[in-house]
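Reader: I would like to go through a model feature by feature, with the general idea before each case. Where should we begin?

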Amino acid sequence: DKLTVIYNGLPDLEQGAVSDPGAKAEGEPVRLIMVARFAKPKDHRTLLQALSGLKELSWKLSLVGGGPDLAAVQSLTRGLGLEDRVEFLGIREDVDQLLVESSIFVLSSRREGFPISILEAMRTVLPVVASRVGGIGEAVVDGETGYLFEPGDEKTLRLKLAGLIESSLLRRQFGRAGRERFLAHFTLEKMVDHTEAHYRQLLK
């Protein structure tokens, strides 16, 4: 009863700097993106194994970040025959633009706190598919702004990704709902206002 939660907040993007997750030029694959360190808790393996069962669908995955498990994940990618579908972009300073160019955000972690990357994706109008760990379920509303799955559940992850890859309408619907949720709860202004209000309450 002495704890108050104030969610992380982000400044909004410049007007127009958002994605249209339902847009895809004819012949172009649906672009998935995951922004995370290459380390065991992020569990890139589950994501790659899930996608290895969706080779009949048109998609491409961008993996952003660096870390100790990079070589192992690259090796797994080749072993699964996905080297033509997965690109390793390294540590980037233009993540906002990469999100704008994407259609689905994925985070397959086995352990998280309250990841900023998910808020960045919601801000950019991307549907989010993420594991139900840490505070992720407080940001992502399952079946409304994206999908949640149990950590390591490759089968469910595959099914959820397949549904979004195949439906531009669903990507747009979830993406817009995520953007609205971001504006309602996770902006920098909301964080500052809630922090100030909490201090004012304490000072009484």
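Author: What follows takes the sheet, then the helices, then one buried serine, and ends with the largest pocket. Keep in mind that this is a predicted model.

Reader: How is the sheet ordered, and is its pairing parallel or antiparallel?

Author: Strands of a sheet pair through backbone hydrogen bonds, and the pairing can be parallel or antiparallel. Here 6 strands form an open sheet in the order 3-2-1-4-5-6, and the pairing is parallel. Strand 3 and strand 6 (146–149) are the edge strands, each with pairing on one side only. From one strand to the next the twist averages 20°.

Reader: How many bridges join strand 2 to strand 3, and which residue stands opposite V86?

Author: Strand 2 and strand 3 run parallel and are joined by 4 bridges. L61 is the residue opposite V86 of strand 3. At the other end of the order, 4 bridges also join strand 5 to strand 6, again in parallel, and S131 stands opposite F149 of strand 6.

Reader: Which way do the side chains of strand 6 point?

Author: In a regular strand, side chains alternate between the two faces of the sheet. In strand 6, G146 and L148 point one way, while Y147 and F149 point the other way. All of these residues are buried.

Reader: Which strands does helix 6 lie across?

Author: Helix 6 lies across strand 1, strand 2, strand 4, strand 5 (128–131) and strand 6. The direction of helix 6 is at about 170° to strand 4.

Reader: How much of helix 1 is buried, and how much of helix 4?

Author: In helix 1 (residues 44–51), 6 of the 8 residues are buried: H44, T46, L47, L48, A50 and L51. They pack against elements including strand 1 (30–35), strand 2 (59–64), helix 2 (70–79) and helix 6 (154–166). Helix 4 (residues 116–123) is largely enclosed by the rest of the structure, because 7 of its 8 residues are buried. The buried set is S117, I118, L119, E120, A121, M122 and R123. Among the elements that cover these residues are helix 3 (95–100), helix 5 (136–139) and helix 7 (168–185), together with strand 1, strand 4 and strand 5.

Reader: What follows helix 4?

Author: V125 follows helix 4, and its phi is positive, near 75°.

Reader: Take S62. Where does it lie, and is it buried or exposed?

Author: S62 is in strand 2. Its relative accessibility is 4%, so S62 counts as buried; the cut-off is under 20%.

Reader: What does the side chain of S62 make a polar contact with?

Author: The partner is the side chain of E87, at 2.5 Å. With neighbours within four places in sequence left aside, the contacts of S62 are R31, L32, I33, M34, E87 and L89.

Reader: What is the volume of the largest pocket, and which residues line it?

Author: Rolling a probe the size of a water molecule over the atoms shows where empty space is left. The largest pocket has a volume of about 190 Å³. Its lining consists of F38, A39, K40, D43, H44, R45, D69, A72, V73 and L76. Helix 1 and helix 2 are the elements that give two or more residues to this lining. Helix 2 gives the most, with 3 residues. H44 thus appears in two places: among the buried residues of helix 1 and in the pocket lining.

Key
Residues are numbered from 1 along each chain as its sequence is written. This is a predicted model: local features need pLDDT of at least 70, side-chain atom pairs count only at pLDDT 80 or more; totals for chains, interfaces and linings use all residues. Side-chain values use heavy atoms; hydrogens and water are left out. Buried means under 20% relative accessible area, exposed over 50%, partly exposed in between (1.4 Å probe, protein chains only). Contact means heavy atoms within 4.5 Å. Two strands pair if DSSP finds at least two bridges between them. Axes are lines fitted to C-alpha atoms, for helices over the stretch in contact, and angles run from 0 to 180 degrees between N-to-C directions. A polar contact is a pair of N or O atoms within 3.5 Å; within protein, one must be able to donate a hydrogen and the other to accept it, and residues adjacent in sequence count only if both atoms are side-chain atoms. On a 1 Å grid over the protein atoms alone, a cavity is a set of points where a 1.4 Å probe fits but cannot get out, and a pocket is an open set with protein on both sides within 12 Å along at least five of seven lines; lining residues have an atom within 4 Å of a point. Grid points are joined across faces, edges and corners, and a volume is the space filled by probe spheres set on the points.
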